[in-house]
Amino acid sequence: MRTEQPKTIYLKDYQAPDYLIDETHLTFELYEDHTLVHAQLVMRRNPERAANNPKLPPLVLDGQQLELLSLMLDDRELQPGDYQLDANYLTLQPTAERFTVDSSVRIHPESNTALEGLYKSGKMFCTQCEAEGFRKITYYLDRPDVMSTFTTTLSAEQHRYPVLLSNGNPIASGSEDDGRHWATWEDPFKKPAYLFALVAGDLWCVEDRFTTMTEREIALRIYVEPENIDKVQHAMNSLKKSMRWDEEVYGREYDLDIFMIVAVNDFNMGAMENKGLNIFNSSAVLAKAETATDAAHQRVEAIVAHEYFHNWSGNRVTCRDWFQLSLKEGFTVFRDAEFSADMNSRTVKRVEDVAYLRTHQFAEDAGPMAHPVRPDSFIEISNFYTLTVYEKGAEVVRMIHTLLGPQGFRKGTDLYFQRHDGQAVTCDDFVKAMEDANGVDLTQFKRWYSQAGTPRLDVSEAYDAAAGTYSLTFKQSCPPTPGQPTKEPFVIPVELGLLDGQGRDLPLCLQGEAAAQGTNRVFSVTEAEQTFTFVDIPEKPLPSLLRGFSAPVKLCFPYGRDQLMFLMQHDSDGFNRWDAGQQLSVQVLQELIGQQQRGETLALDPRLVAALRSVLENRELDQAMVAEMLSLPSEAYLTEISDVADVDAIHAAREFARKRLAEELFEPLWQRYQANREQSRQSPYIAEAEHFARRALQNIALSYLMLSERQDVLAACIEQFESADNMTERLTALAVLVNSPFEAERGKALEMFADYFKDDPLVMDQWFSVQAGSPLPGGLERVQQLMQHPAFTLKNPNKVRALIGAFANQNLVNFHRIDGAGYRFLADQVITLNALNPQIASRLLAPLTRWRKYDNARQALMRAELERILASGELSSDVYEVVSKSLA
Ligand code: B3K
Ligand code: ZN
């Protein structure tokens, strides 16, 4: 908890550390009611800071919630008068350039509910140190530009904690007479403290091997609690694929002799890339057909890859300070997205990522917490593990990749890794390596790192039939964001093509060029307003703009609905075919929203029916793309693109459209459903793209078909629920039943499901989520009731996300109830969680921070809840920062 007014930290104030730590030697004695930590730090003055300053500055070590038991400077035992101690720092005065600090502290992992530092998840000990958790373990220079080797010894009771792990390689172990045992691990690679990890528990492991490109043998181990040992193979396969891919695509080889993953149930986020010892939320490791959906399987593959890739982009080359977080996160998200694209369907992966970015990151970038990819300031760094740093950061790296091409980009990453191996560096260093390796100037491009907000790109066209020229004029603008009233123009890479009347791409030749250079090109828009004129254009073309979503901007071009239908059919870019469908749906839905608001009879534009019919009837298309194209833009996305979001009208319009589509397209949906369900019945579950695709189409078809309320569809749904051999089919069947009017069947299915899976917490999370997301009336009361369920606890972040998070983020009609009860409920949970787990409390708050999107009545109610949180007592810096910035 905060004891003083939280301070803002600024990037411009960065200073290198006065002292460095060359070696860190740790000993942990783990007991049930406390843990003792002894740290020996071999230190020296930082030569970079010593010049011009003969006097030795004080040594200020970070430390929080530690009980100091003893302290030595070299051989001298220090007494309380020899140092200063407060809630955050231990300050002492070195007397030589080189010295050793020895400290012993007592900590209480057994009562650590914040899940930061050393804590217990169920019966095991584990750690989470990024960003600033190590200071809750021992006194240290807890900042990423202090890199040290680590030797770690842990001792614990042998029968409770047979497995003792830390970073690096095991070098010694032994037992003692009193039933305790110990192990020592040594990590030869210098690392910042945020990559430290320790695990002690009764764990089983699946072991495998990987032979690297230089024929080194690496032992791979995934540790889980015994009951989960049958859910590890998918993660292991994903790990081996990631290791191979990083060698092939980036030339990066693994460095230690052993790579371990440990699954824990209580974890604040997905996973953590600790050197050689990744710690994972069990939801990001465990997957088998019967208990995890296709989406969960893909998430496991992506997160295993992401954490593994960090070994180079994050660990070998790390961040100088936390303002540079996107240096490792944006780059690593880009790397894992490309990996997933290579393992599965590239276009589907891009569609999913862009839909997510446009819905959630764009909303963040337009809200009170908007910040640049490289923030200039923060109060609590935990609040900056954001969609902007991760997802927009990845888009920025993707744009560099687009501008330099794959080979130029690889030259840049080779230089970056070679130049900075073993260093803590900045986003500027990353861009500099790209520039130097390619002989280009990215000065203006770097505004993507420093300017917040989503740029808008307005495009207009002019065709001169007589001259055969076609011009596209781009106007870019970017709305003000907190602290940034005006913006300079960005470099916006626009990949585009021009379609003729038959839907073929025309050769693209700019005025002044000798010849056409292909039919799909990338142009950089660098001015506030800029025109590109194409020559030899025989007829007025239809532009296909921002192919593959080549820049994270809001593109505005006045397409008519017939033109969008034409693009859906003919665009050579698969992403833009999908996007044309989305734009058509948005236009149609916005028309319905207007009709609903004016109290008119709703009428669905038959062109949307026709467009989706032809998608459904096209057997050439990837079935996953058919499923994506059948998915109407979400209520959250329709909210994001509204000036004032009318939650009820959005819901009513979208439901109306779904129902009408289900009626009009019943036959083709039923055919494809039955064909795919039959195939699912015939073949065992396989976690591969083609099978994901078949089930995705089957499941979206079922969700439409159930809107017909026909008995034969209900029977099919129940059959799928009861006899599917996998969670993907079973959970969809459950979800559509839960949202259906068939009350008896719904209740029975929920009960059967909970009864069968009551001992599997990850499956129960899905059971909670399905109910939390149901838009049927009474949603809040259902959620409140579910909080009493024995499987629910506020202490487990997965449960909080599954029930409360799903309600506030996905159940918009119930959460935004006009009486404000949804807001009041969320604020109550935030206030409770503020004391238990500030990081989770602060994340849960996000929906309330978007109050400016809603009507006056709701705005007032949402603000009142934010005020109530602010006044509720001593707030963590996490919650304080988000609430105070939201109200500013
Ligand atoms: N680096 C961690 C995130 C740590 C978050 C700390 N609050 C996971 C990841 O991005 O790989
Ligand atoms: Zn990461």
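**Figure 1. Two domains in a predicted model.** Domain bounds, as used here, come from an automatic or database domain assignment. The model you are looking at is predicted. Its protein is divided into domain 1, covering residues 19-202, and domain 2, covering residues 456-558. Taken over C-alpha atoms, the centres of domain 1 and domain 2 are 56 Å apart.

**Figure 2. A close-up of the zinc ion (ligand 2) and its donors.** Look for three side chains here: His306 and His310 each offer their NE2 atom, and Glu329 offers OE. These atoms coordinate the zinc ion at 1.9 to 2.0 Å. If you trace the donors along the chain, you will find the spacing H-x3-H-x18-E. Are the two histidines, His306 and His310, buried or exposed? His306 has a relative accessible area of 7%, so it counts as buried, the limit being under 20%. His310 is buried as well, with a relative accessible area of 0%.

**Figure 3. The surroundings of ligand 1.** There are 13 residues around ligand 1, and Glu130, Ala271, Glu273, Glu307 and Tyr390 come nearest. Sorted by class, this shell has five nonpolar, three polar and five charged residues. Now zoom in on the oxygen atoms of ligand 1. One oxygen atom lies 2.5 Å from an N or O atom in the side chain of Tyr390. A polar side-chain atom of Glu307 is 2.8 Å from an oxygen atom of the ligand, and for the side chain of His310 the distance from an N or O atom to a ligand oxygen is 3.2 Å. You have already met His310 as a donor to the zinc ion. Taken alone, ligand 1 exposes 340 Å², and the protein buries 95% of that. Strand E20 (271-272), helix H3 (294-309) and helix H4 (325-343) are the elements that give two or more residues to the shell.

**Figure 4. A cis peptide bond after Glu130.** Glu130, one of the residues that come nearest to ligand 1, is joined to Ala131 by a cis peptide bond, with omega near 0°. Ala131 sits in the loop between strand E11 (124-128) and strand E12 (148-157).

**Figure 5. Positive phi at Gln65 and Phe549.** Gln65 is not a glycine, yet its phi is positive, at about 55°. Its place is the loop between strand E4 (59-62) and strand E5 (67-73). Phe549 also has a positive phi, near 55°, and belongs to the loop between strand E30 (542-544) and strand E31 (554-556). Which of these residues is buried, and which is exposed? Gln65 is exposed, with a relative accessible area of 59%, whereas Phe549 counts as buried at 1%.

Definitions and conventions
Residues numbered from 1 in each chain as written. Chains lettered and ligands numbered in written order. Predicted model: local features only at pLDDT ≥ 70, side-chain atom pairs only at ≥ 80, totals over all residues. Heavy atoms only, no water. Donors = N, O, S within 2.8 Å, 3.2 Å for Na, K, Ca; no water. Buried < 20%, exposed > 50% of the residue type's maximum accessible area, 1.4 Å probe, protein only. Near = heavy atom within 4 Å. Polar contact = N/O pair within 3.5 Å; in protein donor to acceptor, adjacent residues only side chain to side chain. Areas by Shrake-Rupley, 256 points an atom, 1.4 Å probe, with all protein chains shown as cover. Helix = DSSP H or I, 4+ residues; strand = E, 2+ residues; numbered from the N terminus. Nonpolar A, V, L, I, M, F, W, Y, C, P; charged D, E, K, R; others polar.
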